[in-house]
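Q: Got a minute to go through this protein with me? I'd like to talk about the fold, the surface and the cysteines.

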Amino acid sequence: MKKVVEIVDVIDTAKVYTELNHVESGGICVFVGTVREFTNQEQVIALEFETYREMALKEMEKIVDTAIEKWNLNKVVLRHAVGEKGVAEPVVIVGASSAHRDACFEACRFLIDTLKETVPIWKKEKFKNKSVWVSAHP
């Protein structure tokens, strides 16, 4: 297994180290995106994520393949959750392992930034008195 690309109902952050560990890797980097309690000084109750699964997975695969090639990565994880998520709950996890730390740091930044820019996953912020769809793209 060189890569894990998934859309899931629940993200298990505990298993990502095992998924990324590799005998030729001197570095493993992981980014976990979670639901924050406040947005623009308004209290968030939950976030809800929807996706066009087939298209999202295809785009996620492209992102991962690009990262593997560009940074010579040993393993990559790109996983996003769908459904309603409460405050402090993980919604996205990206990770990379490589021979050297610079590559996995740079790859993680690329993975999360590109996912947010190009993958059809939409986010609704739920507040006490309103709900707002916030994803401006893709």
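A: Sure, let's take those topics in turn; bear in mind that this is a predicted model.

Q: How many helices and strands are there in the protein?
A: You get three helices and nine strands.

Q: And what pattern do they follow along the sequence?
A: Reading along, the pattern is β-α-β-β-β-α-β-β-β-α-β-β.

Q: What's the radius of gyration, and what would a compact globule have?
A: The protein comes out at 15 Å, and a compact globule with 138 residues would be near 14 Å, so the two agree. Along the principal axes, the C-alpha trace spans about 50 × 25 × 25 Å.

Q: What share of the contacts with a separation of 6 or more is between residues 24 or more positions apart?
A: That share is 73%.

Q: Switching to the surface: how much is accessible, and what part belongs to carbon and sulfur?
A: About 7800 Å² is accessible, with 49% of that on carbon and sulfur atoms. As for the residues, 46% of the 138 count as buried.

Q: How many charged side chains, positive and negative?
A: There are 19 positive and 21 negative ones, and the centres of the two sets sit 1 Å apart.

Q: OK, cysteines. How many disulfides does a search find?
A: Zero, across the whole structure.

Q: Why is there no bond between Cys-104 and Cys-29?
A: Their sulfurs are 3.1 Å apart, which is too far for a bond; the cut-off is 2.5 Å.

Q: What about Cys-108?
A: Cys-108 is in no disulfide either, as its nearest cysteine sulfur, in Cys-29, is 5.2 Å away.

Q: Are Cys-104 and Cys-108 buried or exposed?
A: Cys-104 is buried, at 0% relative accessibility. Cys-108 also counts as buried, at 6%.

Note on methods. Residues numbered from 1 in each chain as written. Predicted model: local features only at pLDDT ≥ 70, side-chain atom pairs only at ≥ 80, totals over all residues. Heavy atoms only, no water. Helix = DSSP H or I, 4+ residues; strand = E, 2+ residues; numbered from the N terminus. Rg over C-alpha atoms; globule rule 2.2 N^0.38 Å. Buried < 20%, exposed > 50% of the residue type's maximum accessible area, 1.4 Å probe, protein only. Contact = heavy atoms within 4.5 Å. Areas by Shrake-Rupley, 256 points an atom, 1.4 Å probe, with all protein chains shown as cover. Lys, Arg positive; Asp, Glu negative; His and termini not counted. Charge placed at Lys NZ, Arg CZ, Asp CG, Glu CD.
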